[in-house]
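Visitor: I am new to this structure and would like a close look at chain B, taken slowly and with each term explained. Could you lead me through how its parts meet?

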Amino acid sequence: MPDVNSLYGPLDPAPDAGWVEAGPRMGFFTDTSVCIGCKACEVACKEWNGVPDSGFDLLGMSYDNTGALTANSWRHVAFIEQPRPAGHGTPPFEDLPTGPPTSARSAATAAGTATDTGTDPGVPPGRPEAAARMAAGPEFLGMPGAQPPGRATGADTRTDFRWLMMSDVCKHCTHAACLDVCPTGSLFRTEFGTVVVQEDICNGCGYCISACPYGVIDQRKDDGRAWKCTLCYDRLGAGKTPACAQACPTESIQFGPLDELRERAAQRVAKLHEHGMPEARLYGHDPTDGVGGDGAFFLLLDEPEVYGLPPDPVVTTRDLPKMWKRAGLAALAMAAAAVAAFVGGSS
Amino acid sequence: MAEAHPVGFQWVMEAKQRGAKVFHVDPRFTRTSALADTYLPIRVGTDIALLGGVVRYILENELDFREYVLAYTNAANIVSEQFADTEDLDGLFSGYKPETGSYDQTSWQYEGHEEHARNRGTGKERESAAGLEQESHGPPVPGQTMRDETLQHPRCVYQILKRHFSRYTPEMVARVCGIPEGKFLELARAWTENSGRERTGALVYSVGWTQHSVGVQYIRTGAIIQTLLGNMGRPGGGILALRGHASIQGSTDIPTLFNLLPGYLPMPHHANHPTFDKWVDSIRHPGQKGFWGNSRAFAASLLKAYWGDAATPENDFCYGYLPRMTGDHGTYQQVLNMIDGKVKGYFLLGQNPAVGSAHGRAQRLGMANLDWLVVRDLFMIESAAFWRNSPEIATGEIVPEQCRTEVFFLPAASHVEKEGTFTQTQRMLQWREKAVEPPGDCRSELWFFYHLGRVLREKLARSTKPRDRALLDLAWDYPTNGPNAEPSAEAVLKEINGYEVATGRPLSGFPEARDDGSTAVGCWIYSGVYADGVNQAARRKSRHEQDWVAAEWGWAWPANRRILYNRASADPEGRPWSERKKYVWWDPDKGEWTGYDVPDFEKTKPPGYRPPEGASGPAGLAGDDAFVMQGDGKAWLYAPTGVLDGPLPTHYEPAESPMRNPLYGQQANPTRKVYEHPVNSVNPSPPEPHSQVFPYVFTVSRLTEHHTAGGMSRTVPRLAELQPEMFVEVSPELAAEVGLAHLGWAHLVSGRAVIEARVLVTDRLTPLRVDGRLIHQIWLPYHFGSEGLVTGDSANDLFGITLDPNVLIQESKVGTCDVRPGRRPTGPALLDLVADYQRRAEMTPDRQVPIVTTDAAGGDDAAGSTDEGSAGAARNRGGDA
């Protein structure tokens, strides 16, 4: 008997998918407040999973030369330079002969540097004005209204500065649209509650790509198949920690039963609030959000958009029942009309 | 640290979680700064001014750990009345000899010890980097000293220190370093508040401190602070060097250096050490306190390990076979000798000097002028490919068809493909197993040298020439196994540990070493690593199964001691300073030292022991002489001997600087090693004219994504793609000044080279206000070269060669340059551009770099001398130097 929340709302996905003796749902909690941007996760992931390179291109997006999650990058560390206060005792550039910040401008320049990663859609070019807004500079190319309210420092010298780093990954949604739309059954729900592509079944139709609300899943151009993080399904089966979490030196990437991780994350946020970091917040932890909560969720230090994450993702198949209902109604109505016309015509 | 040592940085993050405040001082805002509580930008090359400011802050506010300082340091020692400070001599100490560029250290000695001075200003110590010998022990001084326990005597070390640093005020720190006063005080307060009886602080540094023409004095300044605050020999304290690679500590313990033998025994000098006895006496210094009294046994046992049966007491253990130094054989002298055709062949192992060493062009030109070159590496690196692929080919300086060097490239096994030990910064040896067989022809270093020696010996077997005896008499017999006849690394470890010759029984520690030929020890400080025939370095007992000191994980030299000088963790009476920082203490009931670690003291010598008059060696140490390897048993705030560029650290400007030294007329280290050679020009610095031709300060360092010269990362796609191109980081202010655009091109020009790089304009860099001037700093990664998956110009090409006098390390963390937008010229036009800059800066071939820039010691240039009185005093006192 399918759960009433099968397509939307809180749910334990593995039993829902038919696993009889599923263990606890496993996932990632990525605490960006302790991320040091070393990219060990990216390397470990590629090493373990045999993921090819994604091009040797200088993107100019701070120290991010990966660009985005693609079929050839299953972990992606974002770097965001911002003229905003961080937890520093004194602002980093206080009392120095600085001019206005440039981070908005360089982020805008970098937004146009997308290059061929050998995947599709790969790393499409970003929108310069959006990139600049995310960098939260006080002014940008004569468009002073571009940043959200309260962001502009108004000063013509920079004193505050922070450098955000965040290791992004497939969210392993509770309601995974990629899986829902997969016509071959290549994408499936594992006994750990994660979502995995079986590369020997994928036929490269690409439906999953447009279905993903996060823009995670991506196709390799050379073989046409879709690839993404498996949460190291093979390692999990052997009782091991996923490669990225294993390699993370600062425990920014934590792996474990999702319930425990959510508890730990709540404590961590409370602690950061206590230590004067009110901007700390969780993302993807809430089972009542648009995807029923993520199997991989995050502690962020700014709005999700700053990290390139959608602020309010919704599983693209949420409205399927409604749509089918309406389509069904429409079909019935048409059928009725046709019948009526026929009946009417014959009378 | 997060940038270059991310794995070690996890402990900083853990400490931060537990409430530690992290301060980060760096010219640019790095990944470490992002996680620090306070970030302090600094002008490159001014750390002594910053640290000197902290020393002054401690002394002026009397924040030193006074009981510790009185008992365990030389603060109370009285210094000779002949001593004159940099405050008196405008940046020089007494005894400077301009003709040799070195110091006669007679006047630096403790009161009454003047005639014991070893260094008389001949410059010889600098040639052999003699400072390196002090890595495991202090330099010699007579044991008996005059002291004033009230610290009031005007010539006691404490008062000298106070006067010496009196001008390193917060205002001066701001003026020299560009660090705002408020930030400096925040740092000084945090450091002092977190040291003392209940708390300790650790100091962690890396090559950003060492690679300077005053590199050793950077560390000295850190050591003075840590000693004043009582942070040495105690848990949570200390000074730790983060190494640039795995086992760099190991490669000084069992050295790959020209002037040392294993265990910091000095390589003999042909003139100073003609006989075994003279050599040994120069190490053990008869009459001195401390544990070097036994060095004859260590020296004899080393030679016994080398030459086995051939080494006997009658032939001085084949001492005659040991090679002798004749002067400076350091890597930079060698390179210049190669260019001059004086070196025929060269072995290059695990090193990529064409990219990683200062003055890349000199490195490549040198290697292109050899008869043969053997390169062993994991990948084809620039130092093996320079003859067919290097910047000098485009300029026509190297022509592949004509390059005379025959290069032999031998593939090497990586660390997972061979067994052996790593020694890390805590002096801990950790054994690693071989995980996989090396592929194809790849072989370990051990295999290479063992079989090279074997084949050479076979080829010479019938030789009757005396010169071949040293090779033929070697004890060169190690068990091998496997199809490739890989020598047993454990057998080598056993020899390093030492054994009884007659029975083969492994020694339990260096006290068992003998000077009669009955023991053989490969490296005396490592003795004990194979005690009981067990590979102690391979121990892997979990920290959860033992106490927090974890003495059964790996093995640390000496004697598995985890903290050196840990006698200082107890007060003079032998009681712990505090319950919180309890570590090693005297147990009066048992009458012995005990604690969590192996006590660094004679086990049963009570705290109240006072040696009889005239006692020397270990017997000369009192019960509270905690620093047992020092000639006087004390930690040295003031170094009366041993450090070649001064008994105290002094701020000197880097060899290349756009600034006049704000503190003294003496601009740069007057004892630095300068090589006058046509290939090696130095950009002018004040008071010389034309420093404005190279107006910007640049520094280089690592990115997390790459490893040193890139041989192990630019060749690996998973790393290469993460930082795929050479770039230069500039502040928005400099970008506006020069006209640089984000992701555009720039080229940088020094008196040696032009390199190009993509531009990253970033808020992470900032200009500084220094001495009333705006100083722009530029940062470059030094990982790039012309081979591998990703290539780019080498940042180290910009540097010239100027060395620290103590250990001959190059100044490759700071230089001056010009920056211009756009790509660099190619071909001969590139040489023209450098020549044009040289012409504008008047860097003519006959120019002499001015070493002395104050007339305090009779130099020609008085431009910086602001104080007539001090200059006059200098003339008077310096006259008899």
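Guide: What follows begins with two domains, goes on to pairs of helices and a single residue, and ends at the neighbouring chain.

This is a predicted model, in which local features need pLDDT of at least 70 and side-chain atom pairs count only at pLDDT 80 or more, whereas totals for chains, interfaces and linings use all residues. Residues are numbered from 1 along each chain as its sequence is written, while chains are lettered from A and ligands numbered from 1 in the order in which they are written.

The domain assignment of chain B gives domain 1 (331-422 + 431-467) and domain 2 (673-846), with bounds that come from an automatic or database domain assignment. The C-alpha centres of domain 1 and domain 2 of chain B lie 27 Å apart, and their contact takes 26 residues from domain 1 of chain B and 29 residues from domain 2 of chain B; two residues are in contact if their C-beta atoms, placed from the backbone, lie within 7 Å. On the side of domain 1 of chain B that touches domain 2 of chain B, H14, H15 (353-356), H16 and H17 (382-385) of chain B each supply at least two residues, where helices (H or I, at least four residues) and strands (E, at least two) are DSSP runs numbered from the N terminus. H16(B) gives the most to this side of domain 1 of chain B, with 4 residues. The residues of that side divide into 14 nonpolar, 9 polar and 3 charged, counting Ala, Val, Leu, Ile, Met, Phe, Trp, Tyr, Cys and Pro as nonpolar, Asp, Glu, Lys and Arg as charged, and the others, Gly among them, as polar.

Two of these helices also meet each other. The axes of H14 (residues 331-339) and H16 (residues 360-367) of chain B come within 7 Å and cross at roughly 50 degrees; axes are lines fitted to C-alpha atoms, for helices over the stretch in contact, with angles from 0 to 180 degrees between N-to-C directions. H14(B) and H16(B) are therefore oblique to each other, given that angles under 35 degrees count as roughly parallel, over 145 as roughly antiparallel, 65 to 115 as roughly perpendicular and the rest as oblique. B:Val335, B:Met338 and B:Ile339 in H14(B) meet residues of H16(B) that include B:Ala362 and B:Leu365, and the contact divides into 6 nonpolar, 2 polar and no charged residues.

Another pair in chain B is H3 (residues 47-60) and H7 (residues 170-177), whose axes come within 9 Å and cross at roughly 170 degrees, so H3(B) and H7(B) are roughly antiparallel to each other. Among the residues that meet there are B:Leu50 in H3(B) and B:Val173 in H7(B), and the contact has 7 nonpolar, 1 polar and no charged residues.

In H6 (residues 157-164) of chain B is B:Leu161, which is buried, with 22 other C-beta atoms within 10 Å; a residue is buried if 20 or more other C-beta atoms lie within 10 Å of its own, exposed if 12 or fewer, and partly exposed in between, with C-beta atoms placed from the backbone. Not counting residues up to four places away in sequence, B:Leu161 touches B:Leu59, B:Leu637, B:Tyr638 and B:Leu648.

Finally, 48 residues of chain B are in contact with 46 residues of chain A. The largest share of the side of chain B that touches chain A, 5 residues, comes from H1(B), and the residues of that side divide into 26 nonpolar, 9 polar and 13 charged.
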